[in-house]
Amino acid sequence: TTLLKDFDRVFIVTPGHEDRTKLAINGLEAANDAAVSFVAVVSVLTSGTDSIFGRQFKPVESKAKTLSVPYSIVRLPLFVDN
């Protein structure tokens, strides 16, 4: 939270990691605790579906919806190339 004390907006790019759900939620909680004015979080088009990404990203989006700060969920298609 102290890392975010000088920021007013946070953009969370959900990492390509096996613990992506927990890491993204940790970022959302830190942004909320720091009382930033806006949070944007990257998600996937299949969030909430019965797929690996759908199950991983649904809790992230659900957490974003519980924040006490305004938020945006950016649903992007899967990337083939970096």
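Four short exercises on this predicted model follow, each with a worked solution.

Residues are numbered from 1 along each chain as its sequence is written. Local features need pLDDT of at least 70, side-chain atom pairs count only at pLDDT 80 or more, totals for chains, interfaces and linings use all residues, and side-chain values use heavy atoms, with hydrogens and water left out.

**Exercise 1. The core**

Find the residues that touch the most other members of the largest nonpolar core, and the elements that build this core.

Solution. Start with the term: a nonpolar core is a set of buried Ala, Val, Leu, Ile, Met, Phe, Trp, Tyr and Cys residues joined through side-chain atoms within 4.5 Å. Buried means under 20% relative accessible area, exposed over 50%, and partly exposed in between (1.4 Å probe, protein chains only). The largest core has 16 residues, and Val10, Leu28, Val36 and Val39 touch the most other members. Two or more residues each come from strand E1 (9-12), helix H1 (20-33), strand E2 (38-44) and helix H2 (52-65). These elements are DSSP runs numbered from the N terminus: helices are H or I, at least four residues, and strands are E, at least two. H1 gives the largest share, five residues.

Now take Val10. Leaving out residues up to four places away in sequence, Val10 touches Leu4, Ala31, Val36, Phe38, Val39 and Ala40. Contact means heavy atoms within 4.5 Å.

**Exercise 2. The aromatic pair**

Classify the ring pair of Phe53 and Phe57.

Solution. Rings of Phe, Tyr and Trp (its six-membered ring) pair if their centres lie within 6.5 Å; planes under 30 degrees apart are stacked, over 60 edge-to-face, and the rest tilted. The structure holds one such pair. The ring centres of Phe53 and Phe57 are 6.5 Å apart and the planes stand at 50°, so the pair is tilted. Both residues lie in helix H2, four residues apart, about one turn of the helix. Phe53 is partly exposed at 25%, whereas Phe57 is buried at 6%.

**Exercise 3. A buried charge**

Which side chain of opposite charge is nearest to Arg20?

Solution. Lys and Arg count as positive, Asp and Glu as negative; His and the chain ends are not counted. Arg20 lies in helix H1. The nearest opposite charge is Asp19, 9.1 Å away. A salt bridge needs a side-chain nitrogen of Lys or Arg within 4 Å of a carboxyl oxygen of Asp or Glu. Arg20 is buried yet has no salt bridge. Beyond four places in sequence, Arg20 touches Thr14, Pro15, Phe53, Gln56 and Phe57.

**Exercise 4. A loop glycine**

Where does Gly48 lie?

Solution. Gly48 lies in the loop between E2 and H2. Its relative accessible area is 45%, so Gly48 is partly exposed.
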